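Biologist: I am new to this structure. Please take one part, the places where helices pack and strands pair, and walk me through it closely.

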Amino acid sequence: PNGSGKSSVFRVLRGLWPNVSGRLVKPCQTLDEETGSSCGIFYIPQRPFTCLGNLRDQIIYPLSLKEAEERTLALYGKGHATSILNAHLKTILENVKLLYLLEREGGWDTSQNWEDTLSLGEQQRLGMARLFFHKPKFGILDECTNATSVDVEEHLYMLANKMGITVVTSSQRPALIPFHSTELRLIDGEGNWELRSIKQ
């Protein structure tokens, strides 16, 4: 329910709030060269951060263009780094149903005030594109698809599953239950909780 502390849990996981008691253990943040996966965690909030820069920058954030090109070359072989990166990003945009942005916004190198240019649903799908580009082992998703339609949301979660990304989700949408194996239910906002397995 609202006010039960869902976002507070995510803020502690992200390190935005201190861990007052207990112990929090998270995976490392190094790149697995074989799979192209960050072995750690990637966080997507309800309103994904839009950075200053072009459309490409919105997906590769927080990497620079040079870092993203180096990473892409290491994973996908030799060639012109920017062309290989752009082809990879185009596939990701297609997967999150935002390919039309390339034409509508004038290509990869167009800079906009993305927060004003994109609808919340587009920003959320761009946040998921960022998740798919970074390909972590764990995606911490804080109601980050609630402005998309249920069919798009299910499609995005299926993609995450296919990519081997384990998702930890804060959501009140029942349609997402099948994409999870365990539910942490925060009961009352007073620290009471229960953990249960989800039967598929």
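Modeller: What follows goes through the helix contacts, then the strands, then one helix on its own.

Keep in mind that this is a predicted model.

Start with helix H7, residues 120–134, and helix H8, residues 150–162. Their axes come within 11 Å and cross at roughly 10 degrees. Angles under 35 degrees count as roughly parallel. H7 and H8 are therefore roughly parallel to each other. Which residues meet there? From H7 come Arg125, Met128 and Phe132. From H8 come Val152, Leu156, Leu159 and Ala160. By type, the contact of H7 with H8 has six nonpolar residues, no polar ones and one charged.

Now take another helix pair. Helix H3 spans residues 65–76, and helix H4 spans residues 81–95. They pack at an angle of about 80 degrees, and their axes are 9 Å apart. The range from 65 to 115 degrees counts as roughly perpendicular. H3 and H4 are therefore roughly perpendicular to each other. H3 brings Leu65, Ala68, Glu69, Thr72, Leu73 and Tyr76 to the contact. H4 brings Ala81, Thr82, Ile84, Leu85 and His88. The contact of H3 with H4 divides into seven nonpolar, three polar and one charged.

Next, the strands. Strand S3 covers residues 136–142, and five of its seven residues are buried, so S3 is largely enclosed by the rest of the structure. S3 pairs with strand S4, residues 166–170. The sense is parallel, over five bridges. Within this pairing, Ile140 stands opposite Val168 in S4.

Strand S6 covers residues 193–197. Is it buried or in the open? The number of buried residues among its five is zero, so S6 lies largely in the open. S6 pairs with strand S5, residues 182–186, in the antiparallel sense. This pairing also runs over five bridges. Thr182 stands opposite Ser197 in S6. S5 and S6 form a hairpin with six residues between the strands. In that hairpin, Gly189 takes a positive phi near 80 degrees.

Last comes helix H1, residues 6–14. Its buried residues are Lys6, Phe10 and Leu13. Seen down the axis of H1, these buried residues fall within an arc of 55 degrees, so they line one face of the helix. Just after H1, Gly15 takes a positive phi of about 85 degrees.

Terms used. Residues numbered from 1 in each chain as written. Predicted model: local features only at pLDDT ≥ 70, side-chain atom pairs only at ≥ 80, totals over all residues. Heavy atoms only, no water. Axes fitted to C-alpha atoms, helices over the stretch in contact; angles between N-to-C directions. Helix = DSSP H or I, 4+ residues; strand = E, 2+ residues; numbered from the N terminus. Parallel < 35°, antiparallel > 145°, perpendicular 65-115°, else oblique. Contact = heavy atoms within 4.5 Å. Nonpolar A, V, L, I, M, F, W, Y, C, P; charged D, E, K, R; others polar. Buried < 20%, exposed > 50% of the residue type's maximum accessible area, 1.4 Å probe, protein only. Arc of directions from axis to C-beta. Pairing = 2+ DSSP bridges.
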